[in-house]
Amino acid sequence: MSRRKNRRLRRQQEREEKRKKFIKEYDSFENIASLKSLYTSAKKASNGVSWKASVQRYLLSILFKIQKTRRELLAGKDVRKGFIEFDLCERGKIRHIRSVHFYERVVQKALCKYVLYPAMTKDIIFDNCASQKDKGTLFATNRLTEHLRKYYRKYKRNGYILMIDFKGYFESIYHEPLKQTFREKFSNTNIIKLADDFVDAFGDRGLGLGSETSQINAIHHINKIDHYLKEVERLKYYGRYMDDSYIIHPDKKYLQNLLKLLDDKLSKYGVVINHKKTNILDLKHGFTYLKTKFFITDKGKIIRKACRDSITRERRKLKRQHKIFVQEKIKLAEIEQSYQSWRGSMKYRNASRTVKNMDNLYKILFKEKENIK
């Protein structure tokens with residue numbers, strides 16, 4: 001055996017030992033069932049919803065509640081309480097939400113915070129940008145901007161971007177690959193059973209929106225595909241935000257063949273590519289990613305603009321708010337807070353003219369407003 005191969009095997013063994021040592025710290029059911037973990041999780045789970053009567057009732061007797069939860073967890077009882085189901089219209093799209101009761105939410109928070117999140121996010125790729133600390137849509141768009149800059153230095157604007165969209169990502173996820181992940185990472189049977197129970201609560205297939213465990217499981221679900229693209233295909237300019245992905249490459253034929261390969265690989269996880277929304281686009285013509293329109297100029301400048309839909313949506317929103325404001329059903333301070341939030345999102349885009357026009361509309365609609373910061 002050559003020295004190079006010995007060195008590679010030794011490094012692999014060292015990485016595996018380091019990984020096992022790290023996982024061992026979180027492979028303890030006491031991380032979830034301890035009174036300290038449950039108390040902290042209850043406090044964090046109440047953030048933003050402490051006005052609800054059910055949450056207030058829980059917090060009034062929090063010590064008795066977490067003691068009861070601890071006993072049930074240690075006894076192996078089922079802590080699931082069913083779902084509160086409703087539909088939510090988000091950007092014109094109807095989403096079916098299956099929210100859990102606060103009692104169960106506390107257990108999910110403890111499971112995610114002290115076990116699943118640290119263990120399952122340790123091995124995901126850096127360019128997996130959703131539902132993690134210090135990451136989000138801004139991080140994702142910044143990473144894409146950085147990829148475009150690096151690509152331009154090497155290939156100029158000669159190339160293509162494959163924009164991939166998954167069809168019903170959460171609803172189509174297979175449970176078995178997820179459960180296999182739990183068994184690969186943890187040896188504690190109580191942790192595995194609890195994680196399995198929260199997955200099985202959604203039926204034979206899919207994960208529901210409204211559960212914290214679903215977010216963690218969804219970002220890790222196709223982690224092996226992410227590693228395949230980065231390490232086997234050697235794709236430097238690849239990123240993913242939950243069910244939206246992109247790959248930048250100079251060869252269009254290569255991207256077409258890769259898309260066929262991904263179709264086959266993703267099917268093993270129950271993930272289906274939405275070919276109506278999946279496209280291979282010329283970098284010279286611009287493209288849209290996470291509601292941001294990207295352009296590369298001849299000199300390599302990256303321009304980020306707000307997509308037309310988001311501008312139209314904000315104008316309509318202001319007009320609706322004005323009607324409610326005239327009826328004295330909403331305060332100006334609430335409208336101001338909402339509008340400043342939108343203006344803040346425009347801060348990271350080349351949208352000075354758009355913001356100026358929207359400010360003018362705001363002044364016309366709400367004459368009581370003195371100045372816009």
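**Close-up 1. Asp127 and Arg143, a buried pair.** Both Asp127 and Arg143 are buried (under 20% relative accessible area, with over 50% called exposed and the range in between partly exposed, using a 1.4 Å probe and protein chains only). Their side chains meet in a salt bridge at 2.6 Å, N to O (a side-chain nitrogen of Lys or Arg within 4 Å of a carboxyl oxygen of Asp or Glu). Asp127 sits in the loop between α6 and α7 and Arg143 in helix α7, so the bridge ties together parts that are 16 residues apart in sequence. Helices here are DSSP runs of H or I with at least four residues, strands are E runs of at least two, and both are numbered from the N terminus. Please keep in mind that this is a predicted model, where local features need pLDDT of at least 70, side-chain atom pairs count only at pLDDT 80 or more, and totals for chains, interfaces and linings use all residues. Residues are numbered from 1 along each chain as its sequence is written, and side-chain values use heavy atoms, leaving out hydrogens and water.

**Close-up 2. Asp298 and Arg157, a salt bridge between two loops****.** The closest N and O atoms of Asp298 and Arg157 are 2.4 Å apart. Asp298 belongs to the loop between β8 (292-296) and β9 (302-306), and Arg157 to the loop between α7 and β3 (160-165), so this pair ties together parts 141 residues apart in sequence. Asp298 is exposed, at 57% relative accessible area, while Arg157 is buried, at 18%. Back at the pair of the first view, salt bridges that share partners join Asp127, Arg143 and Lys230 into one network.

**Close-up 3. Asp123 and Lys185, joined by a salt bridge****.** Here the closest N and O atoms are 3.2 Å apart. The partners come from distant parts of the chain, 62 residues apart: Asp123 from the loop between α6 (102-120) and α7 (137-155), Lys185 from helix α9. Asp123 is partly exposed at 29% relative accessible area, whereas Lys185 is buried at 9%. A search of the whole structure finds 13 salt bridges.

**Close-up 4. A nonpolar surface patch of Ile84, Phe86 and Leu88****.** The patch covers about 260 Å², with areas from the Shrake-Rupley method and a 1.4 Å probe, only the protein chains shown counting as cover for residues. Patch residues have over 30% relative accessible area and no salt bridge; like charges are joined within 9 Å and nonpolar side chains (Val, Leu, Ile, Met, Phe, Trp, Tyr) within 5 Å. Leu88 lies in strand β1 (residues 83-90) and is partly exposed at 41%.
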